[in-house]
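Welcome, and please open your viewer so that we can walk through this model together. At each stop, you will get something to select and a short note on what is there.

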Amino acid sequence: MAAATALPKVMGILNVTPDSFSDGGRFNSVDRALQQAEQMIADGADYLDIGGESTRPGADAVSVQEEIDRVMPVIARLRQEFDVALSLDTCKTAVMAEGLNQGIALVNDIRALRDEGALALLAQHDVDVCLMHMQGEPRTMQHQPRYEDVVIEVKAFLQQRIRACDEAGIARERIYLDPGFGFGKSVRHNYQLLQRMQALHELQLPLLVGVSRKSMLGHVTGREVEDRLPASLAAATIAAMKGARIIRVHDVRETVDAMKVVAATLAGDFS
Ligand SMILES: Nc1nc2[nH]c(S[C@@H](C(=O)O)c3ccccc3)nc2c(=O)[nH]1
């Protein structure tokens, strides 16, 4: 697989959950979400990732209707007012169906299309999909994460989900893979995944990575979530140098600059 020399894409996180862990829920109104969206687009976001259910470890589940009520008004306004590609961060088939009707470009599913009917639904559309690894469920995934070899097991899970997509008739060209930093992993597991991320290239599909402001960064820097920009940029740069194609972040402007340095380095030149 050719080494990535193109500019890694930046996906801006637009949390519309009341308890989103780093925005403190200040964007739980449509207008404020639109303000943040406008800023991220101006800052160079290639995607906006809209999520209506906080996946914070220990978070309570949110009903289908509640999730739809949170995200669809934002998606509708974004589609009316902007031209940016929209990603829907959900693991519920019914929420995906609503989002697909609204013209999202990518389904970002932290459960890798394991919900009943999700594979069949995606087979009826041609949007892209991100398959992410998670061990266990958000409520309990951080209690006791255990692996023989986290990289081998994450790769095996993603391979199994790719096969499920093949069988459902979802073309490989539509698929992104994501190791799922922070989803059923200890700090050590997360850094082993970042260190050996290039092993996932054996699956020959582009990687999407989300490390922005996560606790794995807090553990090594001692910084609180709102003070993890330098660490987030370091992790994004490492992932992009290791071939990640899309980086999911809170801080779009700063990450876009870091990705330009990565692209120039991987190409040994700049445009
Ligand atoms: N594809 C993809 N989607 C994602 N959605 C999220 S939720 C995340 C957060 O940023 O809030 C989070 C994860 C774990 C703990 C707290 C917060 N993380 C990802 C990711 O790593 N990859």
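Select E53, T55, D89, T90, C91 and I110 for the opening stop: these residues line the largest cavity. The model you are looking at is a predicted one. About 40 Å³ of space lies inside this largest cavity. Its lining is made up, by class, of two nonpolar, two polar and two charged residues.

**D89 and its partner**

Keep D89 selected from that group and colour the strands. D89 sits in strand 3. Is D89 buried or exposed? With a relative accessible area of 13%, D89 is buried, because buried means under 20%. Now add R248 to the selection. The side chains of D89 and R248 make a polar contact, at 3.4 Å.

**Around the ligand**

R248 also leads us to the ligand. There are 14 residues around the ligand, and those that come nearest are T55, N108, D178, K214 and R248. T55 is a residue you have met already, as part of the lining of the largest cavity.

Try these distances one at a time:

- Select N108: an N or O atom in its side chain is 2.7 Å from a nitrogen atom of the ligand.
- Select K214: its side chain has an N or O atom 2.6 Å from an oxygen atom of the ligand.
- Select G210: here a backbone N or O atom lies 3.2 Å from an oxygen atom of the ligand.

**R213, an unusual backbone angle**

Move on to R213, in the loop that runs between strand 7 (208–210) and helix 7 (215–221). R213 is not a glycine, yet its phi is positive, at about 60°. R213 has a relative accessibility of 14% and so counts as buried.

A112 makes a good companion stop. Look for A112 in the loop between strand 4 (106–109) and helix 4 (118–123). Here too the residue is not a glycine, and the phi of A112 is positive, at about 55°. A112 counts as buried, with a relative accessibility of 1%.

**The second largest cavity**

How many cavities of 30 Å³ or more does the structure hold? The structure holds two. To find the second largest cavity, select S212, L229, S232, L233, V249, D251 and T255, which line it. Its volume is about 30 Å³. Which helix gives the most to this lining? Helix 8 (residues 229–241) does, with three residues. Sorted by class, the lining of the second largest cavity has three nonpolar, three polar and one charged residues.

**The second largest pocket**

Next, switch from cavities to a pocket. The second largest pocket holds about 240 Å³ of space. Of the 14 residues that line this pocket, select E53, A61, C91, E137 and P138, which are the closest to its centre. The lining of the second largest pocket divides into six nonpolar, one polar and seven charged residues. E53 and C91 may look familiar, since both are also among the residues that line the largest cavity.

**The cysteines**

Stay with C91 and show the cysteine sulfurs. A disulfide is a covalent bond between the sulfur atoms of two cysteines. How many disulfides does the structure hold? The count is zero. For C91, the nearest cysteine sulfur belongs to C130 and is 13 Å away. A disulfide needs the two sulfur atoms within 2.5 Å, so C91 is in none. C91 is buried, with a relative accessible area of 13%.

Now select C165, which is also in no disulfide. Its nearest cysteine sulfur is again that of C130, 11 Å away. C165 is buried, and its relative accessible area is 0%.

**Last stop: D83**

Finish at D83, in the loop between helix 2 (64–81) and strand 3 (85–89). Is D83 buried or exposed? D83 has a relative accessible area of 80%, so it is exposed, the term used for values over 50%. Add V127 and draw a line between the two C-alpha atoms. D83 and V127 are 44 residues apart in sequence, and their C-alpha atoms are 16 Å apart in space.

Methods: Residues are numbered from 1 along each chain as its sequence is written. This is a predicted model: local features need pLDDT of at least 70, side-chain atom pairs count only at pLDDT 80 or more; totals for chains, interfaces and linings use all residues. Side-chain values use heavy atoms; hydrogens and water are left out. On a 1 Å grid over the protein atoms alone, a cavity is a set of points where a 1.4 Å probe fits but cannot get out, and a pocket is an open set with protein on both sides within 12 Å along at least five of seven lines; lining residues have an atom within 4 Å of a point. Grid points are joined across faces, edges and corners, and a volume is the space filled by probe spheres set on the points. Ala, Val, Leu, Ile, Met, Phe, Trp, Tyr, Cys and Pro count as nonpolar, Asp, Glu, Lys and Arg as charged, and the others, Gly among them, as polar. Helices (H or I, at least four residues) and strands (E, at least two) are DSSP runs, numbered from the N terminus. Buried means under 20% relative accessible area, exposed over 50%, partly exposed in between (1.4 Å probe, protein chains only). A residue is near a molecule or strand if one of its heavy atoms lies within 4 Å of it. A polar contact is a pair of N or O atoms within 3.5 Å; within protein, one must be able to donate a hydrogen and the other to accept it, and residues adjacent in sequence count only if both atoms are side-chain atoms.
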